[in-house]
Amino acid sequence: MEFTIDEIALLLDGSVEGDGSKKINRLDKIQEGKDGSVGFLSNLKYEKHLYDTDCSAIIVSADFKPQKPFKTTLIRVEDPYSGFTKLLETYAKMVKPEISGIEEPNFFHQSSSIGSNCYRGAFSYVGKNCSIGENVKIYPQVYIGDEVTIGNNCTFYPGVKIYGGTVIGNDCEVHAGSILGSDGFGFAPQADGSYKNVPQLGNVVLEDRVSIGANTTIDCATMGSTYISKGVKIDNQVQIAHNVRLGEHTVIASQAGISGSTTVGKNCVFAGKAGIVGHIQIADNTTVGANTGIVKSITEPGKTFFGYIGFEIKAFLKSYSIFRKLPLLDNKLRELEKKL
Amino acid sequence: MEFTIDEIALLLDGSVEGDGSKKINRLDKIQEGKDGSVGFLSNLKYEKHLYDTDCSAIIVSADFKPQKPFKTTLIRVEDPYSGFTKLLETYAKMVKPEISGIEEPNFFHQSSSIGSNCYRGAFSYVGKNCSIGENVKIYPQVYIGDEVTIGNNCTFYPGVKIYGGTVIGNDCEVHAGSILGSDGFGFAPQADGSYKNVPQLGNVVLEDRVSIGANTTIDCATMGSTYISKGVKIDNQVQIAHNVRLGEHTVIASQAGISGSTTVGKNCVFAGKAGIVGHIQIADNTTVGANTGIVKSITEPGKTFFGYIGFEIKAFLKSYSIFRKLPLLDNKLRELEKKL
Amino acid sequence: MEFTIDEIALLLDGSVEGDGSKKINRLDKIQEGKDGSVGFLSNLKYEKHLYDTDCSAIIVSADFKPQKPFKTTLIRVEDPYSGFTKLLETYAKMVKPEISGIEEPNFFHQSSSIGSNCYRGAFSYVGKNCSIGENVKIYPQVYIGDEVTIGNNCTFYPGVKIYGGTVIGNDCEVHAGSILGSDGFGFAPQADGSYKNVPQLGNVVLEDRVSIGANTTIDCATMGSTYISKGVKIDNQVQIAHNVRLGEHTVIASQAGISGSTTVGKNCVFAGKAGIVGHIQIADNTTVGANTGIVKSITEPGKTFFGYIGFEIKAFLKSYSIFRKLPLLDNKLRELEKKL
């Protein structure tokens, strides 16, 4: 990539403040850039870096008011983060050219169909009666079982395993090592203390624009479907159990887990290592903090929970701040007892 | 599948209350069923759904007494959950026909042997001197290293990796992406602050009827065996470290982890994200709650533990309920101090 | 393997106390050994086993003073654990012979190069323009994307996936199912509540002597590199997010997670399930306890943290011990209130 600052401003519908003729050939963080880099300033926590950045240009907000002199060139846009993202996308298309074609050997059952402009990597496997759309990228060592339906513009990175019967919409991506459709964890206790496997007959459904990270697992439903609505974003090493339903645009960070038959609303955010018990409902716009346990249904939308057994975040932090000084409280109480 | 309600009752050794001639073609949850569905009612928490279910038939307990009128047909059996499971199994055999045969290309070392009625998927790998029983299903992209022994009726789903020297009994299943026999985490600290890898020379042993979920990891022993006894059920993304021993019919839910050289008794239950330190013993019939840490041996069988550093569950919940109102306690204490 | 005790003492530069002519053919734990086994005693917690061990020989410290009579032969060395490790290494070379050669079918792009004495297992994949050193072992079903650089003496166990652009030094090992270079979890919120994927253009860099366990995930940087310094040891199911930097000889146990853009110093130790938020700095020689959350930068080196929101370990344990008796405190407080 090589653009001038003026060309970038044109792409982003922004205005240049400083020398627009300089050449840009890298995207960098504001604090890490060099001559030839373009960075951005969105979160004002990072403003101090503007005044000593080595980036040749920084994308800032149209109404940003600098507090000190600086030497870089500004590109003013409406939303600096979106602007930078757009630039990243343009750059990504140039440096990560789209892959297509068929590598041998691969296994593709004759009863299955696939659209145009697809990639099927070496050692990939597609079972019986699958229907796969256009512009789908199946990287090496991916497994797609029987009777799987996949829309257009999906990407499955190396080693993804998709069990039979899974249904996937358009514009989905699944990163390496993730598993869709493994058996739900269902066992019937027997009189002798042993367990009998309960057959898991359902499937996994992904609507459009679902992104899934690496080494995540989504179990099939016992019956019916484990259901991931459109726009859901799931990070690495997340566990979604059988019969879970996730609402639109819900985001789940790494190592979180959602137990069986729980229904999650729209636009929720689960931080890393959050854990949700089974058979509950979570209202829309709920935020669950890192390593937080949710053990009963959340009915009021828009609340934020935190804690070992999560409750309202401010209340938890207040309690935890007193937990830290419990030895002090304990001493005070002893002294009061003595006095009486 | 299409049965009449009468035929299902016959299969389950139950009795029909209502119209037994209706056709059934699906299994469903009581709250999700439609005309043509059979559901079940075991946990009476779900009883309310009986009175407005659209299922054509519901399997209930022989002694169930309805509180209100309903329109569905009842199939009365001794244990509704077991009955439904039996029905699921019958159905599963019909809709998930058994797979067998050999897909090409695959790698099977000439020094290894395998019994009859097996499946070896494309891109599966079997190393040297393996002994594999009858009716074993090796899905695509499975790796089985050298000197591995496997009994009869085992299933290895796509992408399972089994390191050399592993020993597996009969009737085991391992879901996609799980790893058996990776190196234990052993490093010898050196004087200069670096670490030296300690060779891991042991193996993993699975007795009969062990079930393992997706993307779980079980490390080999440093010496000897990491040992999983018969009937153990392990969920997705569980970590079992080197030299752990799990007793019969112990159940471990998703994202739990057991550290090195810990010995777990029989019929224990570990909930999701439970974490057990190394080098301890856990008594039989111990229950460990979700995200609970166990940091020392548990010698008395049959107890339930919960909490960040787990202790007896009722005591923990009592303490936690007071933790929630610590700001109140803190205020009270201040007021008492003022008064004195 | 079959050595005499005298031969082992010679190998370890140690001295024999007892019958040095006995034959040794196994390495075992002190409490598990049999006739013909050699064990070791380093942690004196295990001293009691010395007095009834069935091992034919035990490696002990040069200055160890037994408290009771025993029947085994002692091999006295400077550091028993290092001595035993050296013995394990010698044994390992004998029982785990080095693998090399090429198994078919595999995929190796003609534009890539690889050094001598390498192993390329069946169904392994090496993309375009890769440069791979000598003595590298690529097990079956490994994926190595385009433009990957790998030094000498590295081992990639079955099913490892390495995204394009990754850079790996010498003497590294990555266990089965681990993923290097998957996309960082970056999404730009849109006005309508949906999210747009932010392209992830950076890579992962591993310096020399990095060890990575099974089913671990290390995301690529958004820009620049996620950077793992020399000698870092990472266990199974660890999550390292985009743009994290780990200092030399830092050790991370199973199921820990480090969020995006956090920088970790040298010689840190993170216990199992530890969770570190993003965008912070962790000083050198920091120890983070099991399941401990770190939510802000740690500036002072050499401290140990523990707790749900971690603080100094002794203070946490003190507070937690009072947490356990909170019901008692609550009662005392009520009584005091009554009295006043």
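C:Asp330 and B:Lys325 make a good place to start: they form a salt bridge whose closest N and O atoms lie 3.6 Å apart, a salt bridge being a side-chain nitrogen of Lys or Arg within 4 Å of a carboxyl oxygen of Asp or Glu. The model is a predicted one, in which local features need pLDDT of at least 70 and side-chain atom pairs count only at pLDDT 80 or more, while totals for chains, interfaces and linings use all residues. Residues are numbered from 1 along each chain as its sequence is written, chains are lettered from A and ligands numbered from 1 in the order in which they are written, and side-chain values use heavy atoms, with hydrogens and water left out.

Between chain C and chain B, the rule finds three salt bridges, along with 35 residue pairs in polar contact, both residues at pLDDT 80 or more. A polar contact is a pair of N or O atoms within 3.5 Å; within protein, one must be able to donate a hydrogen and the other to accept it, and residues adjacent in sequence count only if both atoms are side-chain atoms. On the side of chain C that touches chain B, α2(C) gives the most, with eight residues; helices (H or I, at least four residues) and strands (E, at least two) are DSSP runs, numbered from the N terminus.

In this pairing, 66 residues of chain C are in contact with 64 residues of chain B, contact meaning heavy atoms within 4.5 Å. The buried area is about 5200 Å², with carbon and sulfur atoms giving 63%; buried area is the accessible area (1.4 Å probe) that two parts lose on being put together, summed over both. C:Phe123, C:Phe323 and C:Leu333 lose the most area to chain B within chain C, together 10% of what that side buries.

Turning to chain A, the contact takes 64 residues from chain C and 66 from chain A. Here too the area buried is about 5200 Å², of which carbon and sulfur atoms give 64%. C:Phe185, C:Met223 and C:Tyr308 supply 15% of the area that chain C buries against chain A, more than any other three residues.

Three salt bridges are counted between chain C and chain A. A:Glu337 forms a salt bridge with C:Lys332, with the closest N and O atoms 3.7 Å apart. Polar contacts across this interface link 35 residue pairs, both residues at pLDDT 80 or more. The largest share of the side of chain C that touches chain A, six residues, comes from α3(C).
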